[in-house]
Amino acid sequence: MDKLSQSRIQLLHPDLRALATDTFSKAELKLTGSARARITATLRTFEEQDALYKLGRTVVNPDGKSKSKPMGNVVTNAKAGQSIHNYGLAMDFVLIIDGQETSWNTVKDFDGDGIADWIEVVAIFKANGWEWGGDWKSFKDPPHFQFDFGYTWQQLQAKWNIGDQKDGYVNLKRAALNVANLYRAKAALNLRTGPSINSRKKKVILKGDYLSEISREGEWSNVVFEGIKGYVNNRYLVK
């Protein structure tokens with residue numbers, strides 16, 4: 001395993017690092033030709049996820065930019081907090097040919113054993129319990145693997161929002177999860193410092209985002225969103 005892959009594995013959730021190392025090492029042994037696997041991404045911060053989400057939407061992505069598509073290609077459908085990457089439970093990979101060329105070729109058999117090298121890596125990961133993005137029905141993501149321990153991103157985000165964390169990673173113990181107070185914003189709304197429209201705005205919560213309610217005072221709810229406490233008008237919250 002090269003140093004880049006090793007360093008990126010160390011950014012994964014502590015509960016996943018051993019399995020990731022073992023699985024990736026097994027995948028490497030299957031490739032006997034000019035292609036080698038390399039991990040390109042693991043943990044992604046909420047800020048990094050937000051920047052990726054904007055590409056092709058509100059920020060021009062040079063990849064895919066044309067007269068008919070002036071904003072370029074959309075990179076992801078996941079907003080900040082909605083990707084398993086944001087919790088250190090996913091990784092992306094690529095093939096490195098002859099130590100230099102980067103390849104996302106999913107069908108070429110570089111080692112001549114009758115099976116595409118990309119699919120050999122995929123088979124090892126799936127055999128070890130990982131979910132492959134190439135199996136998704138929409139927005140297929142062939143470089144992507146995730147091991148979510150049975151959690152949805154909504155549950156992981158809820159744990160993050162209520163501070164169920166340690167050393168920057170969510171606590172994966174199920175007994176600690178309480179989603180009874182989990183709500184979704186049915187419209188964009190402001191997270192404020194107090195229960196009043198005159199209170200200072202702390203952050204904008206987008207339609208579809210999840211947050212956790214601490215308490216309720218009439219039409220105002222004290223909530224936690226992305227680790228930030230504040231108040232929102234609960235008319236715009238739904239289960």
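## The overall picture

This protein has five helices and 14 strands. What you are looking at is a predicted model, so it helps to ask how sure the predictor was. The mean pLDDT of the protein is 91, with 97% of its residues at 70 or more. Confidence peaks in strand β2 (residues 90-97), at a mean of 98, and is lowest in strand β8 (residues 182-185), where the mean is 84.

As for dimensions, the C-alpha trace spans about 70 × 50 × 30 Å along its principal axes. The chain has 239 residues, and 44% of them are buried. About 12,300 Å² of the protein is exposed, and carbon and sulfur atoms supply 52% of that area. Take the contacts between residues at least 6 apart in sequence: 56% of these join residues at least 24 apart.

## Rings that meet

How many aromatic pairs are there? The count comes to 10. A pair of aromatic rings is described by the distance of the centres and the angle of the planes. Let's start with F125 and F145: their ring centres are 4.1 Å apart and their planes sit at 5°, so this pair is stacked, given that planes under 30 degrees apart count that way. F125 belongs to helix α4 (residues 117-127) and F145 to strand β5 (residues 144-146), so the pair ties together parts that are 20 residues apart in sequence. Are these two buried or exposed? F125 is buried at 1% relative accessibility, and F145 is buried too, at 0%.

Now turn to W153 and Y210. Their ring centres are 5.3 Å apart and their planes are at 85°, so this pair is edge-to-face, the word used for planes over 60 degrees apart. The pair links distant parts of the chain, with W153 in helix α5 (residues 153-161) and Y210 in strand β11 (residues 210-217), 57 residues apart. Y210 has a relative accessible area of 16%, and it counts as buried because the cut-off is under 20%.

## A cluster, and a charge over a ring

F125 and F145 turn up again in a wider group. Together with F93, W118, W130, F147 and F149, they form one aromatic cluster.

Elsewhere, a ring has a charge for company. The charged end of R57 sits over the ring of Y53, 4.0 Å from the ring's centre.

## Around strand β11

Strand β11, home of Y210, is a handy place to see strands pairing up. It runs antiparallel to β8, with three bridges joining the two. Here Y183 stands opposite L211 in β11. Strand β11 also runs antiparallel to strand β12 (residues 220-225), this time with five bridges. One place to look is E217, whose bridge partner in β12 is W220. The hairpin of β11 and β12 has two residues between the strands, and G218 there takes a positive phi near 65°.

S212 is also in strand β11. Its relative accessibility is 1%, so S212 counts as buried. What does S212 touch, leaving out residues up to four places away in sequence? The list is A158, N161, I162, N181, L182, N222, V223 and V224.

## Two unusual backbone angles

Most residues other than glycine have a negative phi, and most peptide bonds are trans. D98 has a positive phi of about 55° although it is not a glycine. You'll find D98 in the loop between β2 and β3 (101-103). D98 is exposed, with a relative accessible area of 59%.

F149, one of the residues in the aromatic cluster, is not a glycine either, yet has a positive phi of about 55°. F149 lies in the loop between β5 and α5. At 30% relative accessibility, F149 counts as partly exposed.

## A loop that meets the early chain

One more spot to visit is N128, in the loop between α4 and β4 (131-132). N128 and A20 are 108 residues apart along the chain, while their C-alpha atoms are separated by 9.5 Å.

Which residues does N128 contact once its neighbours within four places in sequence are set aside? They are L19, D22, T23, K26 and F147. F147 is also one of the residues in the aromatic cluster.

Definitions and conventions: Residues numbered from 1 in each chain as written. Predicted model: local features only at pLDDT ≥ 70, side-chain atom pairs only at ≥ 80, totals over all residues. Heavy atoms only, no water. Phe/Tyr/Trp six-rings, centres within 6.5 Å; stacked < 30°, edge-to-face > 60°. Helix = DSSP H or I, 4+ residues; strand = E, 2+ residues; numbered from the N terminus. Buried < 20%, exposed > 50% of the residue type's maximum accessible area, 1.4 Å probe, protein only. Lys NZ or Arg CZ within 6 Å of the ring centre and 35° of its normal. pLDDT = per-residue confidence, 0-100. Contact = heavy atoms within 4.5 Å. Areas by Shrake-Rupley, 256 points an atom, 1.4 Å probe, with all protein chains shown as cover. Pairing = 2+ DSSP bridges.
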